[in-house]
Amino acid sequence: MATMNMIQAINSAHRVMMERDPDVVVYGEDVGFFGGVFRATEGLQKEFGKTRCFDAPISEGGIVGTAVGMAAYGLKPVIEIQFADYIYPGYDQIVSEVAKIRYRTAGEWTMPMVIRSPYGGGIFGGQTHSQSPEALFAHVAGLKTVIPSNPNDAKGLLIAAIEDPDPVIFFEPKRIYNGPFDGHHDRPVTPWAKRDEAQVPDGHYSVPLGKAAIVRPGEALTVLAYGTMVHVARAAVEENDVDAEVIDLRTLLPLDIETIEDSVRKTGRCLIVQEATRTCGYGAELAALVQERCFYHLEAPVIRVAGPDTPYPHAYEWAYFPGPKRLKAALKKVMES
């Protein structure tokens with residue numbers, strides 16, 4: 001196996017699927033000759049040609065709209081929205097067309113497409129390069145929403161997403177492209193090369209959609225997280241010596257509710273961590289599901305740690321970002337309740 005960061009793992013997934021299936025096409029803003037702003041598609045145009053990996057105009061609605069036509073007629077477009085903050089011009093197409101085709105045609109047509117996009121904060125991107133809009137897509141029936149937290153999962157989940165006959169929104173936490181992040185912004189970055197999750201098979205493999213991973217077993221508390229927050233949460237429980245079970249959701253929809261239920265029924269407590277704004281965030285759905293399914297096993301209220309209900313600030317990034325101090329306070333509250 002090769003040692004890869006998340007960018008390299010995503011690039012490898014593209015390459016594997018383009019070699020296996022001539023119907024897979026890749027395009028978006030700067031993804032062709034330039035190889036993408038984060039280099040996730042580097043070398044694909046040179047290897048597969050300009051008809052299978054190419055640049056698109058700066059028009060997210062046009063990128064998504066043309067992908068709808070391609071997918072309806074048998075191709076498998078994997079499109080990149082350069083930053084999730086700019087996915088909104090394509091939102092109408094995603095909600096009204098991408099998510100509805102199977103239903104509108106009574107299953108006659110499927111929509112085998114993947115919409116990739118870097119998302120989240122922690123890179124001083126300010127309000128227009130730091131948003132976490134995953135709840136907007138998890139709310140839409142007909143879409144699958146995937147968020148990997150490490151290179152091995154990133155490749156396996158992207159391959160599974162490309163092979164899936166239904167549309168998949170694939171958000172990539174850009175803060176952890178080059179290494180895991182524990183929330184301590186004043187510490188040196190740890191490269192992926194020092195982590196087991198960076199060992200990535202060269203060829204084809206897939207990580208099933210809808211299956212969570214228990215990244216840290218525990219008995220006293222269940223912590224639900226995804227993306228960058230998996231690493232922040234894991235570091236926080238270890239720094240505060242809490243016997244917590246940390247679950248990486250991997251996919252928001254389909255959701256592995258069975259793993260969540262089993263864990264909460266065992267621990268009796270639940271803490272949910274998300275980077276997105278608090279109100280109507282995906283953490284609220286998780287809290288409702290835990291309350292509905294595990295109420296008689298809970299020994300304390302479900303606690304959420306999330307971003308404040310404000311635009312993402314540039315100067316006060318680390319006050320906004322759910323980091324070690326806020327998680328420490330939440331862990332104390334849930335464990336003492």
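Modeller: Two strands are said to pair if DSSP finds at least two bridges between them. Helices (H or I, at least four residues) and strands (E, at least two) are DSSP runs, numbered from the N terminus. This is a predicted model, in which local features need pLDDT of at least 70 and side-chain atom pairs count only at pLDDT 80 or more, while totals for chains, interfaces and linings use all residues. Residues are numbered from 1 along each chain as its sequence is written, and side-chain values use heavy atoms, with hydrogens and water left out.

Biologist: How many bridges join strand β6 to strand β7?

Modeller: Strand β6 covers residues 144–146 and strand β7 covers residues 168–173, and the two run parallel. One bridge partner of valine 146 lies in β7, namely phenylalanine 170. The number of bridges joining β6 to β7 is three.

Biologist: Which strands stand at the edges of the open sheet of seven strands?

Modeller: The order of this sheet is β3-β2-β4-β5-β7-β6-β12, with mixed pairing. Each edge strand has a single partner strand, so one side of each is left without a neighbour in the sheet. The edge strands are β3 (53–55) and β12 (251–253).

Biologist: In the open sheet of five strands, what is the bridge partner of threonine 222 in β11?

Modeller: The order of the five strands is β9-β11-β10-β13-β14, with mixed pairing. Strand β10 (residues 221–225) pairs with strand β11 (residues 244–248) in the parallel sense over five bridges. The partner of threonine 222 in β11 is glutamate 245.

Biologist: Is helix α8 parallel, perpendicular or oblique to helix α12?

Modeller: Axes are lines fitted to C-alpha atoms, for helices over the stretch in contact, and angles run from 0 to 180 degrees between N-to-C directions. The axes of α8 (residues 228–239) and α12 (residues 324–336) come within 10 Å and cross at roughly 60 degrees. Angles under 35 degrees count as roughly parallel, over 145 as roughly antiparallel, 65 to 115 as roughly perpendicular and the rest as oblique. Therefore α8 is, with respect to α12, oblique.

Biologist: How many nonpolar residues has the contact of α8 with α12?

Modeller: Contact means heavy atoms within 4.5 Å, and here Val232, Ala233, Ala236, Val237 and Glu239 in α8 meet Pro324, Leu327 and Leu331 in α12. Ala, Val, Leu, Ile, Met, Phe, Trp, Tyr, Cys and Pro count as nonpolar, Asp, Glu, Lys and Arg as charged, and the others, Gly among them, as polar. The contact has one charged residue and no polar residues, and its number of nonpolar residues is seven.
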